[in-house]
Amino acid sequence: EKQPVKVAVTGAAGQIAYSLLFRIANGDMLGNEQPVHLNMLEIPQALGALEGVCMELEDCAFPLLAGMDTFDDPARAFEGASYVLLVGARPRTKGMERKDLLEANGRIFTEQGRALNDNAPDDVRVLVVGNPANTNCLVAMENAPDIPRERFTAMTRLDHNRALAQLARKTGVPVSRITRMTIWGNHSTTQYPDVFHALVDGRPAFDAIGRDRNWLENEFIPTVQKRGAAVIEARGASSAASAANAAIDHVRDWALGTANGDWVSMAVPSDGSYGVDEGLVSSFPCRCAGGNWEIVQGLEIDEFSRSRIEASVAELREERDAVRSLGLV
Ligand code: NAX
């Protein structure tokens, strides 16, 4: 019998968590032999709704769910948590400028970064989902100086999975036979979904799409970049089950390793690879093994890709400068 692993999830009464918590408790994230204990964090006003979520988790009688606790104090929620999924964030409301959004979230992620620093165990691994995810991750990381930087990541896996699905639809080849997709940059509309290293049934994806630049530039890239808005438009609410699924994929691959010959997209603190400013949390192609990620090195980047990556990195730089000028990092 394995000892339960503690998993902390913030924004636990929100719509992503309403899918995510059940997938974690079902063993989808850490494997079907690993019991889990859920530490769920919410703001005080949402603790009532969170009680209802707890009742439903209980009613699933998940064999792997060893226990659960609810909190409104991050310091206590992160105690003993080996995995921390920072999903809760302040949504952008009407009339709110990007700067206001960065500031409101900057406060949340400053506090949570400090709480992680002072309370999380040595083996903690953090995934930031709450938007603006890359910069929220940067703020948390900078406020947790005692935790190794490589334990902080942000989610671009939903963008990665969306790109796989669009390529599968175009080529008629199942997603299971498409590998080496890459999302570069920020989880925003400037992100660059890159098919130039991807393989469809083992052959270059660009050949598999008939070298159709028009489709690539005018359909594929904008569709992936704007998919979040398209879901909101159709559903009247932002992506939730697919976002939860991507978070499960991200943590599972980080913890248990990426498939042989393949890689995934993760936003991680840059070491300067591919000309991305050191320290920015930017999406890269990553391979994972033994609970660690590494950026895939040596990919050839042509002029087209270079300029797209640079545009997204420029946006990350602006976001960093904004949280810097607010004194948050
Ligand atoms: P919801 O608004 O449904 O849920 C968010 C929950 O977080 C709320 O229950 C709220 O009370 C809670 N919360 C707010 N501040 C908190 C704090 N300081 N501590 C703990 N809990 C707090 O949003 P949901 O649809 O679940 O989305 C959550 C976040 O994910 C949003 O920021 C959203 O923009 C972001 N997303 C990120 C994606 C990605 O790919 N990185 C994709 C999906 C999603 O849009």
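Visitor: Which residues does UniProt list for "domain: Lactate/malate dehydrogenase C-terminal"?
Guide: This is a predicted model, where local features need pLDDT of at least 70, side-chain atom pairs count only at pLDDT 80 or more, and totals for chains, interfaces and linings use all residues. Residues are numbered from 1 along each chain as its sequence is written, and side-chain values use heavy atoms, with hydrogens and water left out. The domain comes from an unreviewed UniProt entry; UniProt positions follow the numbering used here, feature names are shortened, and annotations may be inferred rather than shown by experiment. The listed stretch is residues 156-322.

Visitor: How much helix and strand is there over residues 156-322?
Guide: Helices (H or I, at least four residues) and strands (E, at least two) are DSSP runs, numbered from the N terminus. The end C-alpha atoms of this stretch are 21 Å apart. Its make-up is 46% helix and 19% strand.

Visitor: Where does the ligand sit?
Guide: A pocket here is an open set of points on a 1 Å grid over the protein atoms alone, where a 1.4 Å probe fits, with protein on both sides within 12 Å along at least five of seven lines; lining residues have an atom within 4 Å of a point. To sit in one, a molecule needs more than half of its atoms within 2 Å of its grid points. By that test, the ligand sits in the largest pocket.

Visitor: What distance separates the ligand oxygen from the side chain of His187?
Guide: We're looking at polar contacts, pairs of N or O atoms within 3.5 Å. Backbone N or O atoms do this too: one of Gln15 lies 2.9 Å from a ligand oxygen, and one of Ile16 also lies 2.9 Å from a ligand oxygen. For an N or O atom in the His187 side chain, the value is 3.2 Å.

Visitor: Why do the UniProt "binding site" residues not all gather at one spot?
Guide: The unreviewed entry places that feature at Arg92, Arg98, Asn131 and Arg162. They span 71 residues in sequence, so they don't all gather at one spot, given that the farthest two C-alpha atoms are 24.8 Å apart. Still, the lining of the largest pocket takes in Arg92, Arg98, Asn131 and Arg162.

Visitor: Which peptide bond is cis?
Guide: Most peptide bonds are trans. Pro132 lies in the loop between strand 5 (125-128) and helix 5 (133-142). With omega near -5°, the cis bond runs from Asn131 to Pro132.

How values were computed: Polar contact = N/O pair within 3.5 Å; in protein donor to acceptor, adjacent residues only side chain to side chain.
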